[in-house]
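Work through these exercises with the structure open beside you. Try each task before you read its solution.

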Amino acid sequence: MKYIAFILFTVMTNAAAQLMLKQGMISLGTISFEGTNPLLKLLQIVFSPWVFFGLCTFVISMASHLYVLSKVELSFAYPFLSLAYVAVAIFAYFVFREDLNAWRIAGIACICVGTVLIAQSGRDLGGRGHDEETASLSSDKIHSGIVR
């Protein structure tokens with residue numbers, strides 16, 4: 001549970017990246033590869049300010065996620081990324097005036113409930129972290145002679 005702050009940082013940077021990419025694509029307008037070199041067009045898209053900063057934010061999010069994965073179980077950390085959908089849906093409603101209807105709100109509620117349940121499952125580790133569990137398992141295998 002002590003890595004929740006890092007997990008939430010990963011979620012929020014992931015959501016921020018999505019919002020920046022959307023703003024970048026809005027600012028670029030309709031994309032067409034007709035009559036232009038596709039590689040040059042792709043470079044124009046990637047290096048437009050909002051898209052570029054969105055991609056950089058994704059790199060930061062990924063680095064944070066890799067750190068989290070080095071500390072906690074994947075089955076615990078990964079489901080939290082669904083909270084990025086929640087953040088994106090809410091911010092998209094306010095920033096881009098996207099639809100947030102009853103079905104989406106119900107889906108967001110289900111995501112939140114599921115994430116809370118998964119967060120509670122982290123308490124079953126009895127305070128033992130990923131590193132301690134791995135060391136314990138390796139130590140047990142060594143002592144029992146099951147080294148492979």
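**Exercise 1.** Decide whether F9 is buried, partly exposed or exposed in this predicted model. Then find its contacts beyond its neighbours within four places in sequence.

*Solution.*
- Step 1. Locate F9: the residue sits in helix α1, which covers residues 4–28.
- Step 2. Take the relative accessibility of F9, which is 41%.
- Step 3. Compare with the cut-offs: buried is under 20%, exposed is over 50%, and partly exposed lies in between. F9 is therefore partly exposed.
- Step 4. Set aside the neighbours within four places in sequence. F9 then touches I60 and S64.
- Step 5. Check a distance across the sequence. F9 and H65 are 56 residues apart in the chain, yet their C-alpha atoms are 8.8 Å apart in space.

**Exercise 2.** Say whether T13 is buried or exposed, and which residues T13 contacts once neighbours within four places in sequence are left aside.

*Solution.*
- Step 1. T13 also belongs to helix α1.
- Step 2. The relative accessible area of T13 is 10%, so T13 is buried.
- Step 3. Beyond its neighbours within four places, T13 meets T57, I60 and S61.
- Step 4. Look back at F9: I60 is one of its contacts too.

**Exercise 3.** Work out how many helices and strands the protein has, and how much of it is buried.

*Solution.*
- Step 1. Count the elements: there are seven helices and zero strands.
- Step 2. Write them in sequence order: α-α-α-α-α-α-α.
- Step 3. Turn to burial. Of the 148 residues, 26% are buried.
- Step 4. Consider contacts between residues at least 6 apart in sequence. Of these, 76% join residues at least 24 apart.

**Exercise 4.** Find which residues touch the most other members of the largest nonpolar core, and which helix gives the most to this core.

*Solution.*
- Step 1. The largest nonpolar core has 17 residues, and I7, V72, F76 and F80 touch the most other members.
- Step 2. Helices α1, α4 (74–77), α5 and α6 each supply at least two residues of this core.
- Step 3. The biggest share comes from α5, with five residues.
- Step 4. Zoom in on F80. Leaving aside neighbours within four places, F80 contacts I4, I7, V11, T115, I118 and A119.

**Exercise 5.** Describe how α5 and α6 pack.

*Solution.*
- Step 1. Two packed helices are described by the angle between their axes and the distance between the axes.
- Step 2. For α5 (residues 83–95) and α6 (residues 102–121), the angle is about 145° and the axes are 9 Å apart.
- Step 3. The crossing of α5 and α6 is left-handed.
- Step 4. From α5, the contact uses L83, Y85, V86 and A89; from α6, it uses R104, I108, I111, C112 and T115.
- Step 5. Sort these residues: seven are nonpolar, one is polar and one is charged.
- Step 6. Now visit the loop between α5 and α6, where R97 is placed. R97 has a phi near 60°, a positive value in a residue other than glycine. Most residues other than glycine have a negative phi. At 66% relative accessibility, R97 is exposed.

**Exercise 6.** Explain why C112 forms no bond with its closest cysteine sulfur.

*Solution.*
- Step 1. The closest cysteine sulfur to that of C112 is in C110.
- Step 2. A disulfide needs sulfur atoms within 2.5 Å. The two sulfurs are 9.4 Å apart, so they are too far for a bond.
- Step 3. The structure as a whole holds zero disulfides.
- Step 4. Check exposure: C112 is partly exposed, at 30% relative accessible area. C56 is partly exposed, at 30% relative accessibility.

Note on methods
Residues numbered from 1 in each chain as written. Predicted model: local features only at pLDDT ≥ 70, side-chain atom pairs only at ≥ 80, totals over all residues. Heavy atoms only, no water. Axes fitted to C-alpha atoms, helices over the stretch in contact; angles between N-to-C directions. Helix = DSSP H or I, 4+ residues; strand = E, 2+ residues; numbered from the N terminus. Left-handed = near helix turned anticlockwise from the far one by under 90°. Contact = heavy atoms within 4.5 Å. Nonpolar A, V, L, I, M, F, W, Y, C, P; charged D, E, K, R; others polar. Buried < 20%, exposed > 50% of the residue type's maximum accessible area, 1.4 Å probe, protein only. Core = buried A, V, L, I, M, F, W, Y, C linked by side-chain atoms within 4.5 Å.
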